[in-house]
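Let's take a walk through a protein structure together, going from the place where chains meet to the spaces hidden inside. Keep the 3D view open as you read.

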Amino acid sequence: MKLYCLSGEPSKPCFILKFKTTTIMLDSGLDMGSLLNFLPVPLVHSSRLSSLKKWKPNDYRGSGKIENELRACGTNVFVDSAPEFTLPQLDILDLSEVDVILLSNSYSTLALPYVTEYSGFKGMIYATEPTLQGGRQLMEELVHYVERMPKGSTANVWKNADILRCLPAPIKDAANPLAWKQCYSLHDVNSSLAKVQMVGFNEKLTVFGAVTVTASSSGYCIGSCNWSIQSDYEKICYVAASSTLTTHPQPMEHSPLRNSDVMIMSQLTRTPTVNPDAMIGEFCMTTALTLRNGGNVLVPCYPSGVTYDLFECLSVHMDSCGLSQVPMFFISPVADSSLAYSNIFAEWLSQGKKSKVYLPEAPFPHAELVNTGRLKHYPGIHGPFSDEFRSPCVMFTGHPSLRFGDVVHFIELWGKSSGNTIIFTETDFPYLYALAPFQPLLMKAVHCPIDTSLNFGQANKLIRDLKPRHLVISERYSHPPALHPHRNDLVIETDPKTIMYKPGSVLNLPIKRTYERVEIEPELAASLVPTEVKPGVAVAMVAGTLVTKDNKHVLKAPSDPKSKVDGLESGRRYYVWGELDMQEFVSKLAQHGITDVKVEDSAAGHIVHLPSDDTLIQIEEGSTHIICEGNEGLRVRLKDILLQCLSRL
Amino acid sequence: MSTTNHGAATLTCPQLLIAQKRFLHQVPHTSSVLDTQVYVFAVRLMGQLVANYDMLQTPEEKYIVTACVQKATEAEKWSEPSIRNAVFTLLRLMLKYKGALDLVIKLDAIHLAFESLSDPSLFVTGSAQKLVTKLIITSVTDHRQSTSEIHKSLIKQLWVVLRSSSDVAKKATVLKIFQDLFHEISNVILEEVNSLDFLQLLNKMIRCDSAVLSREAATLCLVYKRSNPADSSLDLRSEVCNLMHSGHVHVALNLCRQLLLREYQHLADGWPQDFLRQPLIIVCGTFINPLESGQFAAIAKSISKKSACLEVTGICLGGIEQLLQQGKDPCSFAALHTLLQLTSQECQCDVNHSQYRKFLLRQPKIQKAALRCLHQYYQLYLNDETGIGIPDAFVGSAQYLVDSLGCVDLDVTIVSEMLKCLLPAIKLAICHSLLSAEIQMWPEVLDLLGGTLQKRLCDMHWETRDSTVEFVGKICQSCADDTTVNMWIRKHNLHTLSWECVKDGESYVRAGALATVGHLSRDTTIWENMKIVKDISQEDVVHHILTIISTDTEGFARRAAIDLVMRWHKDGNQLQPINDVYRTMVAATKDFDWEVKLGVLTFWGNIIDQVLSNDTLPSYAINLETSKKFKGVVPEEKEFETKVEMLCSIGCCQALLFSVEDYEQSVRKKACELLTALKAKCLDNGLIQANNRSKSSDPLPTCGAINMTTPIFLDSIQQLDLEALLAENSKSCDSYENNPMDLLDDILASQRQDEEDNAIDCY
């Protein structure tokens, strides 16, 4: 059994598991960290961004034209080109061999078009309905943002190793930029997602008869799940982004993940030192403070997930602070569908939200906020938004990388006033680097990372509870984060059974397949004559033809009935078994005229000495040796006497 | 019926006494049909009677008492705790009369009281305990009674309970009885009980597992020592040391805490505070080698578990707080500062090495106790004008408070305690010029505090917003004169944010913010700056306050708004446009909240005082600019009639007349008082005639129903019998409680189901 670790970022996982005869891809996360090396794409022309100084290394003497590729903002250098993404290492193996892709949550689907399109992939993709719809929204938003303001040219010269090493940090530390890819198209998104088959929680799906895969709720976001991959005698669990906190999704299920042979764990929190509850509080306080001071609040966000919780908590807090009249705007090309879908996925929500449906009420309060006009959502800043816009307000919009999307416009608009605040809640991007191309910025920047996935304490507790025989984790989780080198509590407690992987690793998982289930055809089963070898255990000899089809093994009666007779009768093959009763053996020897018998107990069994025949019989468990100085006749007699004392099958 | 002194009427009015006796006489005979509560009432009534009247004088009265108590002790009734409580109280009150002790013995009440010494109801236990104590003291002191030697047997019985009973609760009550007895008759007890045996038993009990028993036994030790200071067999200091060495640190420290109480202070000369400080020193890691002192080692050993550590630290902090309240400095400021850091997760300093950190981290009880101590320290230093005693750790402790206050997931009560501490800390810094740049750290601390307060004013928890806005108000009230604080408030927009809190969704916060706005408005610099920053005028502000009075859904906020209006009215320069204010206040007369209405009436009272005041401005103030501000309100040297006319025109008279008919008694009373005073002035000035009340049956003019003119108003107050109304409205509901005749008749009547009167057809 092998596990290929294709992703360099444990929060954007992508694994391939080769188990039995199947090849299963676990998640397809897209690392968008590379976006931060690019210049933002403004929605309307920005003289500031376009007037940024062109940059080239002082000692550059290469042939490629680099002048138009890099621009400097402060001490940072950015690539002036269409944004590119870091893909999982898909070239490690042939994607056409992948039989099935299991998706855990909508955030782990973003690399899917790179996997399924133009790669020869012809397998199945399994995901829950909310994961599919959420993934679609994220992809559509991404494509919309990137395609809305296309860059004329693509910069590639700067990726040359000679140039790269001359660039300032952090761009010079970019890992393998030559492998970066531009964004896929809407066509690819649709084509890829069309291959997804929707599954429900705890629905058992068979992959070519070899394994059964089951999704169970992970509590992270709507429809998010963990997967258990089970054969008849082995169980592998894949624990992706999970949460034990009480938020809007259905709570995490533990029991399907218990007692696995291998548990692969990924997507732990990226902000282990902060408590999401406290950060929600900080977010609400900062928002209220800014609004009370007459400023605007900008929240770069994804169109789903934690954003729903932010709407809920913030609206309650604004009510309690007397700020009910301040509008909240939600701008995203998929805002409408995101809000609408969230309220029809009741079966995937927490019990509290689910029960609202029977009242009947919308599970999320944002439906009410939209109805009362407190939350206004628009696909973009053009059109009706400009009629409704008023200040001060709270603006939720994407993209959290601040490199494209409507958020770029609002930073340009509000960035010059210290009364306004930008609050970062998403944890995918380091906020200071995200803000770098907008500097100098007077707008206050507040970091309230809200990551509800498991922290190290929760993960360790979960591992103790689930008791996997082997645990597979990223090696990053085995030592404290770089910013907190002394926090030994911020690690996964490892033991010899923990297997750690690095990006690109291929792990041999220590699962020894000992048994395989074989079905016996009823006709053949009826012909068996079992012999009871000990109470409750009976054995029988069987001869048949093993037929293997779709990874199912069936033992059928031999096609030629004669061969059965020959097999058992003509060969006279039978098996002896049981423990030798020494007293019976000695008495049988006496019956055959061997009376001079001395029996000694040895460490391994017994030694029977026949002095008159100068013969020694060593009887041990599983073996008997007759030492009779070449007297073959005596040996055969003794063998026969001994076999008479054993049970026969 | 007399309207005054009804309590006395209960005693003196023979008719009433007869009624009460009649009621009580009937109670035992109708007890089978009476509700238990009625019976409880009857016994309590008897208790009230015997408190002032000897009910054992005549055989008839004695019969009433006996019959009542006997009936009460019947199994069915006795199971009711209120009955038991009432009977024990009755018997105790009765003991001051001759022959009562005999009656108590005859009723077998001693046995019942002993049984109830561990009653499930604490009230019954308390009353039984008091009865036994009183029985013994009466037996010792009152030689009139034939059973005066009863105390000996009772003390012996108590002693037996103490020695052999397995009932911990009963033993604890007996210890309490001994505590009371030692105060009064120490020598008598020691005649019956050997002092050595007694102390030995106490010693054993102090070391027992029961916290209650241990505490009561320790207290009794102190009481014993106070009563017998010369007894050398009980050395409190040695006792405390022994307790510590035997692992009973918490008992020893509790004993030390008690020794700090005023009544026991003379028993110890400062050593209890040394003992109390020791756990704090250990917990804070100041003490390195526990082997140096057996005592320290004993304490360290006893607090090796979390629960013990928290308990001992809690007692220790309680003792330190007690000392600080008495104005004594137990010299543990630095240790306290360290302890606070130990409890705080945010603290990354060198306190992490303390092995007790894991016990103390984020323990709200310890945090609160430590903060209370810190507050007391600050107060202590604040009272010291020299400032010599301020420790070096002062600025550090304030910085800790500010740092910790920034932590988002802090408990709301901790935030409140922290803010309470910060107030004297800032005052202290001002008093001793610590805010100057000489102390490098302060500007940073203040800056950080400003930022944190801003956030806290927008906190998720309304309790925190409320505490913070109140804190800003208090800072402004007490320190705004200081330039640094004044600038600090403005720099961090605390004034504008406090104003924004007036619009908060939580009524308590709105109310707190209104009070703070009152303080802020007293400082012109701050107030004017607030209006500039928020781009609002004084009229806008007043209009908003008036809107709160008119429309706010919560009484707290409306009351606070009225208080603010009154404050501004008193200051004389804030309420513009004044006519809108009068109109709103007239409308507020109809408020649903009686406290709001009382506030409104107080406002009108102030207006009347101001308008009718004969005081003119002193000559030196006439030409001052500020004197002109009063011109709109106070007509100078005008005729009295004109002044009354003015009161009518602004709606004051209309509001008062409306309030006279309010459904709230307190409002009617206040309105009557104001109108009575106004009427007296009208009489003095000849606007109305005395005894010229017409018999007009016209209803009083209602508020807003008509345009009140002076003649109508004068006519109205002439018609009103204000003295009678005032007398009626001054009646308390207590008068019915003290004069229960009607009530008693009602109770009895309701029980006479077979009587003919009940069958009367209503039609």
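A salt bridge joins the side chains of A:Glu282 and B:Lys455, with 2.2 Å from N to O. Keep in mind that you are looking at a predicted model, so that distance is computed from predicted atoms. How many salt bridges does the rule find across the interface of chain B and chain A? There are two. Polar contacts link the chains as well: seven residue pairs are found across this interface, counting pairs with both residues at pLDDT 80 or more.

Which elements of chain B give two or more residues to the side that touches chain A? They are α24, which spans 441-456, and α27, which spans 494-501. The largest share comes from α27(B), which supplies four residues. If you sort the residues on this side of chain B by class, you get nine charged, six nonpolar and four polar ones.

Now step back and take in the whole interface. Here 19 residues of chain B are in contact with 17 residues of chain A. Between them, the two chains bury about 1,500 Å², and 59% of that area is on carbon and sulfur atoms.

Next, let's turn to the empty spaces. A search of the whole structure turns up six cavities of 30 Å³ or more. The largest cavity holds about 240 Å³ of space. Its lining is made of 19 residues, and those nearest the centre are A:Tyr107, A:Tyr220, A:Arg270, A:Thr427 and A:Asp451. Try finding these five in the 3D view. By class, the lining of the largest cavity is a mixture of eight nonpolar, six polar and five charged residues.

What is the volume of the second largest cavity? It is about 130 Å³. This cavity is lined by 15 residues, with A:Pro130, A:Gly134, A:Ile222, A:Ser304 and A:Tyr308 closest to its centre. Two helices of chain A, α3 (129-148) and α8 (335-342), each supply at least two residues of that lining. Of these, α3(A) gives the most, with four residues.

How many charged residues does the lining of the second largest cavity have? It has no charged residues; instead there are seven nonpolar and eight polar ones. Set that beside the lining of the largest cavity, where five residues are charged, and you have a good detail to look for as you turn the model around.

How values were computed. Residues numbered from 1 in each chain as written. Chains lettered and ligands numbered in written order. Predicted model: local features only at pLDDT ≥ 70, side-chain atom pairs only at ≥ 80, totals over all residues. Heavy atoms only, no water. 1 Å grid on protein atoms, 1.4 Å probe; cavity = no way out; pocket = protein on both sides within 12 Å on 5 of 7 lines; lining within 4 Å. Points joined across faces, edges and corners; volume = space filled by probe spheres on them. Nonpolar A, V, L, I, M, F, W, Y, C, P; charged D, E, K, R; others polar. Contact = heavy atoms within 4.5 Å. Buried area = accessible area lost by both parts, 1.4 Å probe. Salt bridge = Lys/Arg side-chain N within 4 Å of Asp/Glu carboxyl O. Polar contact = N/O pair within 3.5 Å; in protein donor to acceptor, adjacent residues only side chain to side chain.
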